[in-house]
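Here is a short report on a protein model. It covers the core, one helix, a surface patch and two loop residues.

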Amino acid sequence: MTTPTLLLAAAAPALPHTDSDGRLLVAVLLSIATIVLLITRLKLHPFLALTLGSALLAVVAQAPFDKLLTSFATGFGATVAGVGLLIGLGAMLGKLLADSGGANTIADTVLARTGRRGLPWAMALIAALLGLPLFFEVGVVLLIPIVLLVSRRGNVPLMRIGIPALAGLSVLHGLVPPHPGPLVAVDALKADLGVTLAFGLLIAVPTLIVAGPLFGRVAERWVGPLEPPAETAPAADTVPHERSPRFGAVLVTILLPVVLMLGKALVDVVVDDPKAVLQRVFDFVGSPLIALLAATLLGMLTLGRAAGFTKAEISRTVEKSLAPIAGIVFIVGAGGGFKQTLIDVGVGDAVSTWAGKWHISAILLGWLIAVLIRLATGSATVATITAAGIVAPLAADLSTSHASLLVLAIGAGSLFFSHVNDAGFWLVKEYFGLSVGQTVKSWSVMETVISVTAIALILPLSLIV
């Protein structure tokens, strides 16, 4: 394949008058442009695009070939080891929640106690609760039928409750671990997961209020009355199993990993003695792997067995949860390889120098880079991975709280203005029966509101903590 980009890349290492920083800048721009081109124009899988982008980066930066292989393999392995296990456990828990009817239990319980005026807030709450363990796409598939049913039953405009539901899922997806994007950024920036989770929830609540129930009324006026497509509207209330899990049990299962990780962060601050028994216990049970493992094992009882699943059915449910995430794990791993290549060829040090010359904060820089990559590739995960790799060296000089805020800034930037190159754009369009223009006015603007609101909260918070 011969393209102007690749021809320029091949010629770049031979340029005799390019200084080191200039060559690195060319390497970064060409590698990112190539990744964007391969994903958006040639429809290449992001795993392959990131792998080829890493190779191009090393070639243009004049890195030895053996170093390229070592850097990419090291980054890939470290990222999959640190994040891949968590993604797998999160998928298992999400599958148990979906197949057992636990998601419907939460929806039915909250909606039964909500009046018509409170429905947008109830949908935002339901989406936030379901968004903790579920991937965004899975959450959309689970929530949209509920949204359509509630809209029809309560005679409420679809956008008024649909936007809060989408906002709840999206905010959690971009800002709160254990979702892949925030986890990758935490790993790349060596941030504290508990602190990031605490700040993420703190930022997520007001962001969800603004982008959800409040913006939902605006979107309703912009889009106008909607008639959802017949193929996505639920025909009737169906119960997939002989019984459903209890609301309290479902809630405890979903919140268990959050409580354990927050507990670890709190004990680390209050006790601050690595030899203390209490801190050692919480360091163990509050680690992401153990917290999610505990929730998954608990979910087998509180979700699977409570829904009438046999042991064999629980096993099949867990097994089926892993196949759909294979692509995500490979993308995340390739992103880790790209990140390590960026660091090893010296891009990180160059970014630190540029940031100092431009007098721009690391937090704002991380958000801007993520925004640009999100607009170009349409992938929030690719934007998070790439931006985290570029600004990773800046995190070394940051405090624990500021490193966590940098993670959130990158996550916020990765949500900016979803448009036609984002799979989520088309998912929302088809499920709600929107035109492209209506999807832009509702979904795309909502994503932008989330991104801008979050960074508007993160920046002043960074001046306080």
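How many residues does helix 8 have, and how far does it reach from its first C-alpha to its last? This is a predicted model. Helix 8 spans residues 158-175 and has 18 residues. Its reach is 26 Å, close to the 26 Å expected at 1.5 Å a residue. Helix 8 is mostly covered, with 18 of its 18 residues buried.

**Core.** The largest nonpolar core has 143 residues. Those with the most contacts inside this core are Met123, Ile126, Leu143, Val391, Phe432 and Met446. Beyond its neighbours within four places in sequence, Met446 is in contact with Ile163, Leu166, Ala167, Ser170, Ala211 and Phe215.

**Surface patch.** Five names make up a nonpolar patch on the surface: Trp121, Val205, Ile209, Val210 and Leu214. Together they have about 430 Å² of accessible area. Helix 10 (residues 193-223) supplies the largest share of the patch, four residues. Val205 is found in helix 10. Val205 counts as exposed because its relative accessible area is 51%, and the cut-off is over 50%.

**Loop lysines.** Two residues other than glycine have a positive phi: Lys43 and Lys190.

| Residue | Phi | Loop | Relative accessibility |
|---|---|---|---|
| Lys43 | near 55 degrees | between helix 2 (20-40) and helix 3 (46-60) | 66% |
| Lys190 | about 55 degrees | between helix 9 (180-189) and helix 10 | 65% |

Are these lysines buried or exposed? Lys43 counts as exposed. Lys190 counts as exposed too.

Technical notes:
Residues numbered from 1 in each chain as written. Predicted model: local features only at pLDDT ≥ 70, side-chain atom pairs only at ≥ 80, totals over all residues. Heavy atoms only, no water. Core = buried A, V, L, I, M, F, W, Y, C linked by side-chain atoms within 4.5 Å. Buried < 20%, exposed > 50% of the residue type's maximum accessible area, 1.4 Å probe, protein only. Contact = heavy atoms within 4.5 Å. Patch = residues over 30% accessible without salt bridge, like charges linked within 9 Å, V, L, I, M, F, W, Y side chains within 5 Å. Areas by Shrake-Rupley, 256 points an atom, 1.4 Å probe, with all protein chains shown as cover. Salt bridge = Lys/Arg side-chain N within 4 Å of Asp/Glu carboxyl O. Helix = DSSP H or I, 4+ residues; strand = E, 2+ residues; numbered from the N terminus. Expected span 1.5 Å × (residues − 1).
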